[in-house]
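Below are my notes on the model, as numbered points. Please read them with the structure open.

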Amino acid sequence: MANESGSCEWSGHKAYEIKGEWEQSPGAEQVFVQFLGEMESGSGSSNFSFLGSCKYKEDLYMISIFNGFSLMELFLNLGRKCEEIAPQNVILQYLAPHQNMYVTLNEDDDVRIMTHLYTSMRLTIINMRAVKKDDMGSHNLERFETEEETQTSNDDHLEVGLVRNSIDIWSHCIRGEGQIFKDAAEFRKCAKNYAVAMKRSFLYKKNDNKKVILVCSTSNCSWRIYASRHKADKLFGIRKCNLIHTCGDDNLRSRGHPKADAAWVSNIVMDRLRGEPSYRPCMMLKDIHRDYGVELNYNKVWKGKELAMHDIHGVEEGAYDRLRWYCSAIKETNPGSFVECEIDHCSNNFKRLFICFNACATGFINGYRPLVFLDGTHIKNKYKGCILVAVAKDANDDLFTLAYSVVDAENDDNWGWFCFQLKSALLSHRFIGFHEFTFFSDRHPGIIKAIQLVFPVSHHAYCLRHLVDNFVKQVMRSYPLHNKKYWSSVFKKVAYALSRQEFQEHINNIIRSMALAKDFIVSSCLESWANACFLGNRWGVMNNNIAESWNNWVKTARFLPIVPMVDHIRIQIMDMMHRRREATMGMVKRLSPSKENALAKTYAESRSLKLRKACGWSFEVVDGDKSFAVDLSVMTCSCRAWQVNRFPCKHACAAIESKSLSLYDFCDKYFKIELYRESYRGILNPIPTCHMYESNPEHPFVINAPDVRSQPGRRRTQRIPSQVEKRVTKCGRCHGRGHNRRSCKEAIN
């Protein structure tokens with residue numbers, strides 16, 4: 001039954017009357033006569049199969065359709081994909097080729113007519129849709145162009161959907177006369193994909209926005225496509241075509257393809273680059289060769305990525321002028337945020353940017369330990385530079401972004417400016433407790449100078465991991481026969497030692513074995529890394545790993561232009577705060593999850609200790625052959641673990657339990673669930689970029705991109721490995737890995 005008036009009967013079968021474009025299509029009459037002949041004779045390939053694409057609501061379902069299928073078999077196959085597609089709920093319709101009209105399937109004969117028709121037209125993809133019976137009135141006479149304004153079939157929808165980059169789909173993306181496209185550019189894309197899938201090439205005989213004529217790249221071949229834009233409806237479509245090659249089976253003889261240019265690569269990788277800007281050209285080369293069987297050179301793929309990034313994010317040079325809008329948008333959508341953008345007034349070049357959101361600053365002040373971890377990471381976009389960041393640890397020891405900055409390099413001047421802006425941001429929220437601050441760093445000279453200048457009353461702790469790296473590099477290089485792993489562990493014991501006596505024992509052990517270590521230890525500022533000498537509070541934290549984790553967390557954003565980059569980081573912060581805010585609402589225990597587990601473990605260890613009471617709040621706790629003094633009134637233990645970690649040790653737990661007191665009352669307030677919730681109470685509001693301008697003529701000048709000077713010589717492609725990184729040994733005898741020639745036990749033939 002057709003979706004328009006004019007249905008008639010031919011040879012006992014239902015059909016629809018030929019009208020409109022069908023009548024005007026060259027050769028349409030002969031094709032339809034052939035179709036009727038096959039219907040009469042029952043000829044045709046009974047085993048011929050089709051790929052059926054059925055659209056229901058916003059989803060597309062793919063099934064196999066065979067000649068001889070009944071209507072119920074169609075429903076059963078689709079029902080396996082979506083339970084809602086059932087005879088009692090929906091009506092199935094298929095798209096009549098060239099007519100661009102939907103035909104309803106009411107009975108088995110309609111299914112047989114559909115498969116015979118697509119067989120006669122030499123089409124292998126049947127385009128269908130499932131319409132709810134309640135909505136049938138509005139869909140009954142609907143033309144396909146009005147349902148999907150830029151495509152005429154589900155095939156065209158497939159070309160831009162989830163399976164757009166499939167060789168199987170590409171081989172059917174050019175189907176024949178009457179096929180409609182969004183515009184000439186869309187037609188060119190489909191033609192390139194079709195050529196790659198069919199392993200053929202073509203030439204443009206005419207190529208503009210109104211008319212495109214394609215001919216086979218082999219001379220004297222009749223393959224030809226003529227496509228143009230209709231004057232009436234302004235739709236671009238194929239008017240005439242001959243898709244049969246008369247040049248024989250003369251496929252491409254090369255591993256590449258002449259139509260697989262940079263623009264083609266751009267279309268292939270664009271969707272993935274939106275979510276993964278760090279997608280590298282070397283990986284693109286492998287993926288394109290694996291998925292499409294086309295070998296390309298690195299240059300072409302690199303240019304394709306640049307084109308895709310340009311289409312997604314615009315011109316990278318113009319992104320810096322949009323910082324004006326972005327900074328004002330932050331202040332408008334997130335009142336109380338501290339934003340500072342500095343420009344070189346001589347050249348109008350961008351210099352540096354600082355961002356501290358109000359939700360981050362208030363969360364840090366109200367619920368976080370006064371620990372700030374400073375670090376920098378390199379930017380990977382065209383103009384390079386560095387991201388400087390201040391990270392904090394929440395009650396669950398997870399990272400939290402306090403502030404971040406974009407600068408041209410990690411140097412003394414930029415670290416001084418960053419610390420000054422950080423202090424200004426906290427002062428704007430009336431925070432004055434800088435004497436309680438402890439900053440962690442990797443001993444970068446710029447950070448050391450900046451903290452001494454901007455935060456003179458704060459404490460500065462050095463990252464132990466970086467200190468061990470320096471110890472191995474500067475000291476143990478002179479002692480090649482010493483075991484690096486063993487002496488690195490001894491150096492760590494120096495840092496973790498809680499008492500002066502234990503600290504001095506390990507120091508003497510190192511100096512006796514390596515005399516040169518004395519100068520390194522003396523010059524390393526012991527009060528900044530050894531527990532026995534550190535004067536501030538750092539809650540047992542010894543490393544700057546949380547800042548390194550942040551660098552890896554924003555790894556994807558570092559490949560983007562500046563405005564998408566800083567906004568991508570904002571979105572990551574917003575998502576993280578929302579997830580943790582929701583998680584804390586369901587927590588019923590008194591400490592954060594990680595501290596609850598730590599307290600349970602410590603309490604279990606305390607059960608086997610012996611206890612002697614001295615007076616009301618003083619105890620002597622026996623642990624093996626040693627005893628420790630615990631004073632609950634001032635929350636101290638002679639092992640010093642309670643004072644250093646600000647968390648009850650096992651000796652303290654034994655004493656607290658003997659008094660029938662709650663262990664929670666002796667835990668630091670920064671581990672309590674109340675402050676954990678408070679730290680994520682603030683909301684980081686969205687910043688819609690739909691109204692962001694490309695350039696604003698009202699401003700007196702345009703913010704230019706910074707000057708980037710390349711270093712002389714060939715660019716390094718791999719980072720310099722750390723001195724303590726384990727090097728994989730390669731055997732010179734069997735060429736295996738993990739051993740050398742001396743220890744090789746492999747049999748050599």
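1. Asp-397 is partly exposed, because its relative accessible area of 27% falls in the band between buried (under 20%) and exposed (over 50%). The residue sits in the loop that runs from strand E16 (386-393) to strand E17 (399-407). Its phi is positive, about 65°, although Asp-397 is not a glycine. Bear in mind that this is a predicted model.

2. A second positive phi outside glycine occurs at Arg-430, with a value near 60°. Arg-430 belongs to the loop between helix H15 (412-427) and strand E18 (438-441). Is Arg-430 buried or exposed? Its relative accessibility is 79%, so Arg-430 counts as exposed.

3. Strand E15 (residues 371-378) is largely enclosed by the rest of the structure, because 7 of its 8 residues are buried. E15 pairs with E18 in the parallel sense, over 3 bridges, and Val-372 stands opposite Phe-439 of E18. With E16 the pairing of E15 is antiparallel and counts 6 bridges; here Gly-376 faces Leu-388 of E16. As background, side chains in a regular strand alternate between the two faces of the sheet.

4. On the nonpolar cores: the largest has 129 residues, and Trp-264, Leu-374 and Tyr-404 have the most contacts inside it. Helix H22 (residues 562-585) gives the most to this core, namely 8 residues. Another core, of 31 residues, lies apart from it and includes Tyr-61, Val-90, Leu-95 and Met-114.

5. What does Trp-264 touch, if residues up to four places away in sequence are not counted? The list is Trp-170, Lys-192, Asn-193, Val-196, Lys-259, Ile-288, Tyr-292 and Leu-296. Among them are Lys-192, Asn-193 and Lys-259 as well as Trp-170 and Leu-296.

6. Strand E3 (residues 49-56) and strand E4 (residues 59-66) run antiparallel and are joined by 8 bridges. Phe-50 stands opposite Ile-65 in E4. The two strands form a hairpin with 2 residues between them, and Lys-57 in the turn has a positive phi of about 55°.

7. Two residues of the loop between H20 and H21 deserve a look, Ser-524 and Asn-531. Ser-524 counts as buried because its relative accessibility is 1%. Its side chain makes a polar contact of 3.1 Å with the side chain of Trp-529. Not counting residues up to four places away in sequence, Ser-524 touches Arg-443, Tyr-462, Leu-467 and Trp-529.

8. Asn-531 lies between helix H20 (517-523) and helix H21 (545-553). Its relative accessibility is 6%, so Asn-531 also counts as buried. Neighbours within four places in sequence aside, Asn-531 is in contact with Ala-495, Tyr-496, Ala-497, Leu-498, Arg-538, Met-542, Arg-640 and Val-644. Arg-500 is 31 residues from Asn-531 in sequence, while their C-alpha atoms are 9.1 Å apart.

9. His-466 is part of helix H17 (residues 464-474). With a relative accessibility of 17%, His-466 falls under the 20% limit and therefore counts as buried. Beyond neighbours within four places in sequence, His-466 is in contact with Asp-442 and Glu-548.

10. In helix H25 (residues 650-658), the buried residues are His-651, Ala-652, Cys-653, Ala-654, Ala-655 and Ile-656. What covers them? The cover includes helices H23 (593-606) and H24 (641-645), together with strands E20 (610-613), E21 (618-623), E22 (626-631) and E23 (636-637). Just after H25, Ser-660 has a positive phi of about 60°.

11. An annotation covers this part of the chain: an unreviewed UniProt entry lists residues 628-660 as "domain: SWIM-type". Over residues 628-660 the chain is 42% helix and 18% strand. The C-alpha atoms at the two ends of that range are 20 Å apart.

Notes:
Residues numbered from 1 in each chain as written. Predicted model: local features only at pLDDT ≥ 70, side-chain atom pairs only at ≥ 80, totals over all residues. Heavy atoms only, no water. Pairing = 2+ DSSP bridges. Helix = DSSP H or I, 4+ residues; strand = E, 2+ residues; numbered from the N terminus. Core = buried A, V, L, I, M, F, W, Y, C linked by side-chain atoms within 4.5 Å. Buried < 20%, exposed > 50% of the residue type's maximum accessible area, 1.4 Å probe, protein only. Contact = heavy atoms within 4.5 Å. Polar contact = N/O pair within 3.5 Å; in protein donor to acceptor, adjacent residues only side chain to side chain. UniProt positions renumbered as here; feature names shortened; annotations may be inferred.
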